[in-house]
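Work through the exercises below with the coordinates open. Each task is followed by a solution in steps.

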Protein chains: 2
Amino acid sequence: MKGIRQLAEHLDISIGTVSRALNGKTDVNPQTRQRVLEAAERLGYVANQSGRSLRKGSTGVIGFMMQTGPEITGQGDTFFMSVFDGVQTVLARHSLDLVALLCSSSEDPDAYLQRTVARGFADAVILSATRRNDARFELLDRHKIPFISLGRSLTDVGQPWIDLDFEGMAEIAMERFVRAGHREIGVIWPNGDLNLGHLFVERCRDVLARHGLALPDEHIFRAKPSETGGYEVAQEIAGRPRRPTAVALVNETLVTGLYKGLEEAGIRPGKDIAIVGRHSPHTQFLSPALTGFSLSLHELGICLAESLLSVMPGYQGHYTGVSRRIWPMTLVEGASG
Amino acid sequence: MKGIRQLAEHLDISIGTVSRALNGKTDVNPQTRQRVLEAAERLGYVANQSGRSLRKGSTGVIGFMMQTGPEITGQGDTFFMSVFDGVQTVLARHSLDLVALLCSSSEDPDAYLQRTVARGFADAVILSATRRNDARFELLDRHKIPFISLGRSLTDVGQPWIDLDFEGMAEIAMERFVRAGHREIGVIWPNGDLNLGHLFVERCRDVLARHGLALPDEHIFRAKPSETGGYEVAQEIAGRPRRPTAVALVNETLVTGLYKGLEEAGIRPGKDIAIVGRHSPHTQFLSPALTGFSLSLHELGICLAESLLSVMPGYQGHYTGVSRRIWPMTLVEGASG
DNA sequence: ATCGGCGTCGTAAACGTTTACGGAAACTAT
DNA sequence: ATAGTTTCCGTAAACGTTTACGACGCCGAT
């Protein structure tokens, strides 16, 4: 089936009526609509995306930008796939499609986004892996592209965001360590300029200061956001003359490597060193069981989608008020700290 | 910057010449081309995707279809992110963009693909998670959409594919078990109808038969392709009266749960039961170290892209001969089996 | 001086769809 | 019977590009 023209000729109806029938307009006889729908179904006709969005000025596509490469920035594996699923449950109700915009590791993320949105590839965008000062915010704002972000940034153009409660994590983790009597407390800070790292470390420092404790530089460990990164941090910890007795980390993927590295150095998690981290499918079978924060990814996805719709012209009526939100995480107690 | 018309007016050049200048056609004065490119750069003009692809009949977009949801089918998603990166290194040379087509877990994959390609959303598609009889192959063939698949299927429409060497895995794993004196050998088969599971199990059965051994049904364990699935299989193994002394598995994500479940049941991996599986970033810190197969994901991505280009009209000249390929994996010996 | 060729550019027609507009028929109310 | 209203449908313009075609000016060759 080539196009709507063929379909119209085949039905001996005008092209305009066919289009209206397919798009659910009111001014079309129910009977002819039926005929059109049946023929379209039978012949496998689907409106061409380019023609449609050229005319309408919108594509019906929502882009979720992420970077490819061996090291996921920020979150681990199944994280995004679960979030996507939640996003889609909402978008599907509005006939919107979600695609992942994949930025190669060899391309500058800002340039990629510029190229992609200026083309008019997607109607709206969800950003993740937000940096401390994220130029993508201003770029999308300049282009008047509706967007939201999973994560805050110091650059703020007024868009909605949802961010995991890393500061709450810091509060609870640090208080927990202090209450357990720890005095030498460390933090693992994933490499790169992700804002979540800044937020977490700063809050940790604040909480410790409230208790008259310091967070010295030598207790802040930078790590690649991967299993190997965790392993390397463990080696670093083991090598330090002044060794922390408790560490908190914000990254899902580090922890397995961390456990392993510590054990090899004779430092037993949960006994010689307390650990508080993040829960994920990958961490659920560690032993000792990880004390960590978990969250509902599906719900998060739903909330993201609703926030996005609230800034998209034509959809604002449905979802409103969901502007900015700190996403709660719950502590699941294990034996690690 | 609205469109090419504005840009042309601003430069006082005809719209046709501007287009030719931007698209690198030969019949344009080098000096005016320079002017056009500078103005486009300065004003941030990028050709509208819909208009362009409507006229050209192609989009410049390659889709990689994957299913969202909490349980990744088959592979973990650091897997895909690494493969994507390899794919992109090749596609970028041809100004092709890769996007992930995300099929919601609540939508039928075949219907999703139908909807998406009939719209003309992408010029070509890469399929993954191929099923035993995958209707998507015929669908894409009917629509004359160039595509390749990561994984074989019994339905064959002549497209190129690349498949990991699961049969080679079966050969080596089974031979290894037999040589080590195992007589009760089991296989873990991920749920669903992925063809790789069939291929693996069948070949395991064949190899064992060569040695006069059987692969009874009670030694074939179906599992959810997730950490939890591995844990549940472990419990099942532990509960069986006739317990395998060696198991092979084909899935990256199962193994951590499997280890844990076995240990809880007092069955020590590498001692009481031999395990051969797949290596991934998540499995590298297991103890005892996993004996498993690994592969170069980046290279795999490159090969996928080249195969795809070889079936895309207009690109065939560059890449040829790469039609179907069993992708080798290398055994990394650990202490688990 | 004429002609062909080359380099450069403008014009206009497509690509497939949606939708504003207007018109024809049928129906309702007077 | 007439006017007004409603229901349905056809016509054509528009969306932003790319590209076939032709035109213009300039050069060198005859």
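The exercises treat a predicted model and deal with its DNA strands and its cysteines.

**Exercise 1.** Determine which residues come nearest to DNA strand C, and which classes make up the surface near this strand.

Solution. Step one is to collect the residues with a heavy atom within 4 Å of the strand. There are 28 residues around DNA strand C, and those that come nearest are Ile4(A), Ser19(A), Tyr45(A), Arg55(A) and Thr17(B). Step two sorts the surface by class: eight residues are nonpolar, 11 polar and nine charged. Step three assigns the surface to elements. In chain A, helix H1 (4-11), helix H2 (15-22) and helix H4 (49-56) each supply at least two residues. In chain B, helix H2 (15-22), helix H3 (30-43) and helix H4 (49-56) each do so.

**Exercise 2.** Find which parts of DNA strand C lie within 4 Å of the protein, and give polar contacts to phosphate and to base.

Solution. First, take the strand atoms within 4 Å of the protein: 59% belong to sugar or phosphate, and the rest to bases. Next, look at phosphate oxygens. One is 2.7 Å from a side-chain N or O atom of Ser19(A), and a polar side-chain atom of Asn23(A) is 3.2 Å from a phosphate oxygen. Last, look at the bases: a polar side-chain atom of Asp27(B) lies 3.4 Å from a base nitrogen of DNA strand C.

**Exercise 3.** Repeat the analysis for DNA strand D.

Solution. Begin with the residue list. Around DNA strand D there are 27 residues, of which Thr17(A), Ile4(B), Ser19(B), Tyr45(B) and Arg55(B) come nearest. Of the strand atoms within 4 Å of the protein, sugar and phosphate account for 57%. By class, the surface near DNA strand D has eight nonpolar, 11 polar and eight charged residues. Then list contacts to phosphate oxygens of DNA strand D: a polar side-chain atom of Tyr45(B) at 2.8 Å, a polar backbone atom of Asn29(A) at 2.9 Å, and a side-chain N or O atom of Asn23(B) at 3.2 Å. Finally, the elements giving two or more residues to this surface are H2, helix H3 (30-43) and H4 of chain A, with H2 and H4 of chain B.

**Exercise 4.** Count the disulfides, and decide whether Cys103(B) and Cys204(B) are buried or exposed.

Solution. Over all chains, the structure holds zero disulfides. For accessibility, the limit for buried is under 20% relative accessible area. Cys103(B) counts as buried because its relative accessibility is 0%. Cys204(B), also at 0% relative accessibility, is therefore buried.

Conventions
Residues are numbered from 1 along each chain as its sequence is written. Chains are lettered from A and ligands numbered from 1 in the order in which they are written. This is a predicted model: local features need pLDDT of at least 70, side-chain atom pairs count only at pLDDT 80 or more; totals for chains, interfaces and linings use all residues. Side-chain values use heavy atoms; hydrogens and water are left out. A polar contact is a pair of N or O atoms within 3.5 Å; within protein, one must be able to donate a hydrogen and the other to accept it, and residues adjacent in sequence count only if both atoms are side-chain atoms. Helices (H or I, at least four residues) and strands (E, at least two) are DSSP runs, numbered from the N terminus. Ala, Val, Leu, Ile, Met, Phe, Trp, Tyr, Cys and Pro count as nonpolar, Asp, Glu, Lys and Arg as charged, and the others, Gly among them, as polar. A disulfide is a pair of cysteine sulfur atoms within 2.5 Å. Buried means under 20% relative accessible area, exposed over 50%, partly exposed in between (1.4 Å probe, protein chains only).
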